[in-house]
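Hello,

Here is the structure I promised to pass on. Please open it alongside this message.

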Amino acid sequence: MNPEEKRCILCSKIINNYDSNFNNLKIDEEHIANLCSECIDKFMAWQGEIVAKLFPTKALKKRYGSKK
Ligand SMILES: [Zn+2]
């Protein structure tokens with residue numbers, strides 16, 4: 001086992017081409033999470049959808065807001 005191997009905190013897979021900038025999420029001094037690019041993509045897509053639902057574009061707000 002290579003001690004340098006980093007495993008993804010979400011899917012437990014070994015992270016290929018680990019990049020400390022891209023795959024390392026620092027929450028605070030004591031909490032650091034390693035995420036593989038696959039999970040980052042899924043996470044971004046998931047959050048993106050939620051953000052899109054919660055915060056619709058200004059155009060949508062204007063459209064629905066003007067009906068009140
Ligand atoms: Zn992962």
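Below is what I found in it.

First, a caution: this is a predicted model. Please read everything here in that light.

**Overall layout**

The protein chain has 68 residues. It holds two helices and two strands. Going along the sequence, the order is β-β-α-α. Little of the chain is covered: 4% of the residues count as buried. I also looked at contacts between residues at least 6 apart in sequence. Of these, 36% link residues at least 24 apart.

**The two strands**

Strand β1 covers residues 24-28. Strand β2 covers residues 31-34. The two pair in the antiparallel sense, with four bridges between them. One pairing to look up is Asn-24, whose bridge partner in β2 is Asn-34. Two residues make the hairpin connection from β1 to β2. How many of the five residues of β1 are buried? Zero, so to speak a strand that is hardly covered.

**Helix α1**

Helix α1 runs over residues 37-54, 18 residues in all. Does its length fit? What to compare is the expected span and the distance between its ends. At 1.5 Å a residue, α1 should span 26 Å, and its end C-alpha atoms lie 25 Å apart, so the two values agree. Like β1, α1 is hardly covered. The count of buried residues among its 18 is zero.

That is the handover. Send questions back whenever you like.

Best wishes

Conventions:
Residues numbered from 1 in each chain as written. Predicted model: local features only at pLDDT ≥ 70, side-chain atom pairs only at ≥ 80, totals over all residues. Buried ≥ 20, exposed ≤ 12 C-beta atoms within 10 Å, placed from the backbone. Pairing = 2+ DSSP bridges. Contact = placed C-beta atoms within 7 Å. Expected span 1.5 Å × (residues − 1).
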